[in-house]
Amino acid sequence: MTDIVIIGAGTAGLTAGIYAARAGKSVKVLESTVYGGQIVNTPDIENYPGMAHVSGFEFAQKLYEQATGLGVEVVMTSAASIKDQGDTKVVVTTGNEEIPCKAVILATGAKNRHLGLEGEDKLVGRGISYCATCDGMFFRKKDVAVNGGGNTALGDALYLAGICNKVYLIHRRDQFRGAERDARKLEACDNVEFVLNSNVTRLNDENGKLSSIEVTDKNTKEVRTIPVSALFVAIGQTPDNGAFSDLVELDEKGYIRAGEDCKTSCEGIFAAGDCRTKSLRQLTTAAGDGAVAATEACTYIDRQ
Ligand code: NAP
């Protein structure tokens, strides 16, 4: 039987894997998409201690190599549910495989929030994107827009300003939530225009591709049509913990209720990183959670 199954191979999950493997436990990390989690979409990380600059992709790659080098097994599969059999937990995958283990760490992160506009889903890959580093190069020298005011939106806008002809940064307020330093860098870019106090209210397409967006000023209600080849939606994330809600308590927004010790309402199940209730969701806090959750899980197993 595996000692610890970790669900999610983002920063929290892989860090938990590193700590658990170094503590002598056997570890499986289940990942449904790509290892690294959300950070792979960040062009330049400037706030991880000890690394002045690193791309999210490089960070994720190093984390993966560090974890697997220590013996952590990363399995590409989705967890559909968990059965609680007391000292044994059984993680059931979407392919109906059952993985028995002694403890589970949920590190499911969060998924990109969508605007919910008509045509949004249909235009994904045809002008709508949730990842500037993945898709930005397709729109090289074109006019594009970024929607959002957090660190992701600011980082995306900076990255796109370097490769696109023009970048409209649309945000629903007149102040950014993201780092002041990045906002100042964007102000200094000749090809970046801030469209503040505004929401994207309509997506227009031609021949199945995004051709322009309509943006409504919240105060004046004025509607402006901006011709763009791409809209990068960076309006935050929402948790995705529904599959485990029968076992662990969620808050009203769907985050797993767990304190700084990463213990959930179910003994033997821990939560780490962006998927749990916390005040600051950052790379550093995800890594910190991974370390705590793994240590708590090891202690729990050793007491069995
Ligand atoms: P975020 O910080 O939650 O920001 C989301 C932004 O989208 C906010 O500006 C919000 O506006 C706006 N927004 C939310 N819902 C909206 C809607 N329906 N329509 C229009 N705008 C909407 O999300 P994030 O930028 O993806 O960042 C997530 C976490 O990762 C944060 O903790 C962030 O600091 C962290 N992160 C860190 C780094 C880094 O350290 N290098 C890089 C990327 C992300 P309001 O401001 O009005 O609420």
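This passage describes the packing of helices and the surroundings of the ligand in a predicted model. In this model, local features require pLDDT of at least 70 and side-chain atom pairs count only at pLDDT 80 or more, whereas totals for chains, interfaces and linings use all residues. Residues are numbered from 1 along each chain as its sequence is written, and side-chain values use heavy atoms, with hydrogens and water left out.

Two packed helices are described by the angle between their axes and the distance between the axes. Helix α1 (residues 11-22) and helix α6 (residues 283-303) have axes that come within 7 Å and cross at roughly 40°. Helices here are DSSP runs (H or I, at least four residues) numbered from the N terminus; axes are lines fitted to C-alpha atoms over the stretch in contact, and angles run from 0 to 180 degrees between N-to-C directions. α1 and α6 are therefore oblique to each other; angles under 35 degrees count as roughly parallel, over 145 as roughly antiparallel, 65 to 115 as roughly perpendicular and the rest as oblique. The crossing of α1 and α6 is right-handed, that is, the near helix is turned clockwise from the far one by less than a right angle, an anticlockwise turn being left-handed. Contact (heavy atoms within 4.5 Å) involves α1 residues including Thr11, Thr15 and Tyr19, and α6 residues including Leu283, Gly290 and Cys298. By class, this contact of α1 with α6 comprises ten nonpolar, four polar and no charged residues; Ala, Val, Leu, Ile, Met, Phe, Trp, Tyr, Cys and Pro count as nonpolar, Asp, Glu, Lys and Arg as charged, and the others, Gly among them, as polar.

Helix α1 also packs with helix α2 (residues 56-69), at an angle of about 25° and with the axes 9 Å apart. α1 and α2 are therefore roughly parallel to each other, and their crossing is left-handed. Thr11, Leu14, Thr15 and Ile18 of α1 meet Phe59, Leu63, Tyr64, Gln66 and Ala67 of α2. Six nonpolar, three polar and no charged residues make up this contact of α1 with α2.

The ligand is surrounded by 18 residues, of which Asn47, Arg173, Arg177, Arg281 and Gln282 come nearest; a residue is near if one of its heavy atoms lies within 4 Å. A polar side-chain atom of Thr152 lies 2.8 Å from an oxygen atom of the ligand, while a backbone N or O atom of Gly149 lies 3.1 Å from a ligand oxygen atom. For Arg113, a polar side-chain atom is 3.5 Å from a nitrogen atom of the ligand.

Conventions: Helix = DSSP H or I, 4+ residues; strand = E, 2+ residues; numbered from the N terminus. Polar contact = N/O pair within 3.5 Å; in protein donor to acceptor, adjacent residues only side chain to side chain.
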